[in-house]
Amino acid sequence: MNTPIIKNVSRALKATVDFVMPIVCVDCGSEGSFLCASCLANAPKLPINSCMKCAEHTAEHVRLCGDCATLPPPLDRLVPIYRYGGPVRSAVHALKYRHITAIAPTMAQPMSQASFARRAKLDCVAPTPMHADRLRERGYNQAALLAQNVADNLQLRYIEDALTKTRPTPSQVELTRQERAFSLKNAFVANYDFDDAHVLLIDDVCTTGNTLMNCAAALKRAGARRVSAVVFAKELINAESVGETS
């Protein structure tokens, strides 16, 4: 059977499911929103003080953690919206694993409203890519769904195929921090000349940041002047004894 026809039917079915699906909070089940205000109010908080490049906890008034100050990463700025856990985790899993793609605009809204995204001089928006095998398996790239909505909200150019993941890599959840860094090295290439552009990368969740850092490196090899990232959630590595925002 013709593969494009199968893909078109799959998209149509997904759109139909999204249309008829009742709008209920993916965490508490209350009606009216895919992620209700009450659940978000009880979500784990981000640290008051964090590194501008990796978003990990830092001492008060310190803009860069020791690692990023010693060896500056290719990513110029990382802005997480929520700390990963609780209802935020439910939203990420709903989009990524439960195929509730209709939640993407709800998740993208606060990402678009981040003060950094509003005031920074950005040229375009790009999602972190999936390898072709994983994309065929899942049927969509959750980062691309978020990035499209963020780009529309910010009225910026959206480049879905800005990057390609050249080889499959093991699930990052199953790897140590060192194994994650090694597995993703040189796994991404940029598809265009980004000629002095400030690119905004979008992803759903960030843990070690290796995916974002390697994507940023590929974009800078292709001429990007700056690469920043906004993610819906950040899973903190140094989560113990972290001060929280109010």
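The expected span of a helix is 1.5 Å times one less than its number of residues. That rule comes in handy for two of the views below, all of which show a predicted model.

**View 1. Helix α8, checked from end to end.** With 13 residues at 1.5 Å a residue, α8 should span 18 Å, and its end C-alpha atoms lie 19 Å apart, so the two values agree. At the start of the helix, look for Asn141: one of its side-chain oxygens comes to within 3.0 Å of the backbone nitrogen of Ala143. At the other end, α8 is followed by Gln155, which has a positive phi, near 55°. The buried residues of α8 include Ala143, Leu146, Ala147, Val150 and Leu154. Polar residues appear in that buried set too, among them Gln142 and Asn149.

**View 2. The largest nonpolar core.** This core has 38 residues, and those touching the most other members are Ile103, Met107, Met111, Leu146, Leu200, Ile202 and Phe232. Two or more residues come from each of β1, α4, α5 (104-113), α6 (115-119), α8 (142-154), β6 and β7. Helix α8 gives the most, with 6 residues. Zoom in on Ile103 and, leaving aside neighbours within four places in sequence, you will find it in contact with Val26, Phe34, Ala91, Ala94 and Leu95. Apart from this core lies another, of 31 residues, among them Ala55, Leu78, Ala187 and Ala216.

**View 3. The open sheet and its edges.** Here 5 strands line up in the order β1-β7-β6-β2-β3, with parallel pairing. The edge strands, each paired on one side only, are β1 (77-83) and β3 (157-158). Strand β1 runs parallel to β7 (residues 226-234), and 6 bridges join the two. To find your place along this pair, note that Pro80 stands opposite Val231 in β7, while Tyr82 stands opposite Ala233 in β7. Is β1 mostly covered or mostly open? It is mostly covered, with 6 of the 7 residues of β1 buried.

**View 4. Helices against the sheet.** Helix α4 (residues 86-96) packs on the sheet, where it touches β1, β6 (198-206) and β7. The direction of α4 makes about 105° with that of β7. Helix α10 (residues 210-221) lies across β1, β6 and β7, and runs at about 160° to β6.

**View 5. A closer look at helix α10.** The 12 residues of α10, at 1.5 Å a residue, should span 16 Å; the end C-alpha atoms are 16 Å apart, so this helix also agrees with the expected span. Buried residues in α10 include Leu212, Met213, Cys215, Ala216 and Leu219, along with Asn210 and Asn214. Just after the helix, Gly223 takes a positive phi of about 100°.

**View 6. Lys234, a charged side chain to look up.** Lys234 lies in strand β7. Why does Lys234 count as buried? The cut-off for buried is under 20% relative accessible area, and Lys234 counts as buried because its relative accessibility is 1%. Its side chain is joined to that of Glu56 by a polar contact of 2.6 Å. Leaving aside neighbours within four places in sequence, the residues in contact with Lys234 include Glu56, Cys54 and Ala55, as well as Leu78, Pro80, Tyr82 and Arg83. Cys206 and Thr207 also contact Lys234.

Methods. Residues are numbered from 1 along each chain as its sequence is written. This is a predicted model: local features need pLDDT of at least 70, side-chain atom pairs count only at pLDDT 80 or more; totals for chains, interfaces and linings use all residues. Side-chain values use heavy atoms; hydrogens and water are left out. Two strands pair if DSSP finds at least two bridges between them. Helices (H or I, at least four residues) and strands (E, at least two) are DSSP runs, numbered from the N terminus. Contact means heavy atoms within 4.5 Å. Axes are lines fitted to C-alpha atoms, for helices over the stretch in contact, and angles run from 0 to 180 degrees between N-to-C directions. A nonpolar core is a set of buried Ala, Val, Leu, Ile, Met, Phe, Trp, Tyr and Cys residues joined through side-chain atoms within 4.5 Å. Buried means under 20% relative accessible area, exposed over 50%, partly exposed in between (1.4 Å probe, protein chains only). A polar contact is a pair of N or O atoms within 3.5 Å; within protein, one must be able to donate a hydrogen and the other to accept it, and residues adjacent in sequence count only if both atoms are side-chain atoms.
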